[in-house]
Amino acid sequence: MLGPVILAASRSDRMRRLISAAPVTKQVVDRFIPGEGVDDIVPVVRELAGHGLELTMDVVGEDITSPTQAAAARDAYLELIDRLKPLELGTRAEMSVKLSMFGQALEGGHELALSNVRPVVEAAAEIGTTVTLDAEDHTTLDSMFAIHEELRKDFPQTGCVIQAYLFRTEADARRLAESGSRVRLVKGAYKEPASVAYQDKHEIDRAYVRILRTLMQGEGYPMIGSHDPRLIAIGQELAHQAGRKLDEYEFQMLYGIRTDEHLRLAAEGHRMRVYTAYGTDWYGYFMRRLAEKPANLRFFARSMLTKG
């Protein structure tokens, strides 16, 4: 299994230096991360929206080690929201945030992350959009869900992410479906121990379908985060069985992966949201994209061999 090896490499300073220095890396990274700053990303937002697509935007960052860095991450999102305002896209362009970027892992991190993310959620609401809290490794989830619950008291459209490979997620999905939450379901992209997560792909896929059925039958708004054609088809069928209209759920895929499928689903009338990341600290995000799907790794390896 290459996924765990790649995830281990994502935490290696030596591998970071090696991959960052490779001449071909920027070309390949650009496939997944279309810019380093907000000036780069605004034209991308306009282009995708012009094709009938929606966006969720992530300012990438890893390894926050001080409250000052956490505040800088908050300010980067506030700048993004300020630049989105004149585009008047409303919920067609939302934000995704990792609470680790807002200081969750620091001393007093739960309260620090909440105090940093709240102004972002408030600013997003002021321009008619919302924020989704990304899921990270299993040790952070109780804090993430507590912050999600707190934010929803004033901003009920605040979303969260759940990961199908974790044993706990079926119970989390039932609770969130009952509360009417916006929930993005993904398979999961962190290295988790067998004590808390399925390790077999087929078990993960089966869990994904069970959880998605729960979300579709519930009171919330399901967001199907997958590039898997079979799971996309199953999602459509489950939505139909639950009597959901096309605007009562959505698909989400990563920028740069299965672009033709993005356009096909949008053309069929589905809400299709593209997870679009940008920023200078791209390494951890990039390595998780390689770990998620062997085709991504083959694309990178082929590029290294032909362009190196």
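**Figure 1. Burial and overall make-up of the chain.** Buried residues account for 53% of the 308 residues in this chain. The model is predicted. Its secondary structure comprises 13 helices and eight strands. Among contacts between residues at least 6 apart in sequence, 73% join residues at least 24 apart.

**Figure 2. The largest nonpolar core.** This core holds 78 residues. Leu80, Phe102, Val117, Leu133 and Ile162 touch the most other members. A second, separate core has five residues, among them Ile33, Leu254, Ile257 and Tyr275.

**Figure 3. Surroundings of Leu133.** The view leaves out residues up to four places away in sequence. Leu133 then touches Val97, Leu99 and Val117. Its contacts also include Met144, Ile147, His148 and Leu151. Thr158, Gly159, Cys160 and Val161 complete the list. Leu133 is itself one of the core residues that touch the most other members.

**Figure 4. Phe102 in its loop.** Phe102 lies in the loop between β2 and α6. Its relative accessible area is 0%, so the residue counts as buried. Neighbours within four places in sequence are set aside here. Phe102 is in contact with Ala70, Ala73, Arg74 and Tyr77. Val97 is a further contact of Phe102. So are Leu112, Ala113, Asn116, Val117 and Val120. Phe102 and Val117 are 15 residues apart in sequence. In space, C-alpha to C-alpha, Phe102 and Val117 are 6.8 Å apart. Both Phe102 and Val117 are among the largest core's residues that touch the most other members.

**Figure 5. The aromatic pair Tyr77–Phe102.** Three aromatic pairs are found in the whole structure. In this one, the ring centres of Tyr77 and Phe102 are 5.7 Å apart. The planes stand at 85°, over the 60 degrees required, so the pair is edge-to-face. Tyr77 sits in helix α5 (residues 67–84). Phe102 belongs to the loop between β2 (93–97) and α6 (109–126). The pair links distant parts of the chain, 25 residues apart. Tyr77 has a relative accessible area of 0%, under the 20% limit, and is therefore buried.

**Figure 6. The aromatic pair Phe167–Tyr198.** Phe167 and Tyr198 also form an edge-to-face pair. Their rings are 4.8 Å apart, centre to centre, with 80° between the planes. Phe167 is in the loop between β4 and α8. Tyr198 is in the loop between β5 (182–186) and α9 (201–217). This pair too links distant parts of the chain, 31 residues apart. Phe167 has 39% relative accessibility, which lies between the 20% and 50% limits, so Phe167 counts as partly exposed.

**Figure 7. The cavity and its lining.** One cavity of 30 Å³ or more is counted. The largest cavity has a volume of about 30 Å³. Its lining consists of Leu141, Phe145, Val161, Ile162, Gln163, Leu166, Arg168, Thr169 and Asp172. Elements that give two or more residues to this lining are α7 (141–152), β4 (159–163) and α8 (169–179). β4 gives the most, with three residues. By class, the lining has five nonpolar, two polar and two charged residues. One of the lining residues, Ile162, is also among the core residues that touch the most other members. Another, Val161, is in contact with Leu133.

Definitions and conventions. Residues are numbered from 1 along each chain as its sequence is written. This is a predicted model: local features need pLDDT of at least 70, side-chain atom pairs count only at pLDDT 80 or more; totals for chains, interfaces and linings use all residues. Side-chain values use heavy atoms; hydrogens and water are left out. A nonpolar core is a set of buried Ala, Val, Leu, Ile, Met, Phe, Trp, Tyr and Cys residues joined through side-chain atoms within 4.5 Å. Buried means under 20% relative accessible area, exposed over 50%, partly exposed in between (1.4 Å probe, protein chains only). Contact means heavy atoms within 4.5 Å. On a 1 Å grid over the protein atoms alone, a cavity is a set of points where a 1.4 Å probe fits but cannot get out, and a pocket is an open set with protein on both sides within 12 Å along at least five of seven lines; lining residues have an atom within 4 Å of a point. Grid points are joined across faces, edges and corners, and a volume is the space filled by probe spheres set on the points. Helices (H or I, at least four residues) and strands (E, at least two) are DSSP runs, numbered from the N terminus. Ala, Val, Leu, Ile, Met, Phe, Trp, Tyr, Cys and Pro count as nonpolar, Asp, Glu, Lys and Arg as charged, and the others, Gly among them, as polar. Rings of Phe, Tyr and Trp (its six-membered ring) pair if their centres lie within 6.5 Å; planes under 30 degrees apart count as stacked, over 60 as edge-to-face and the rest as tilted.
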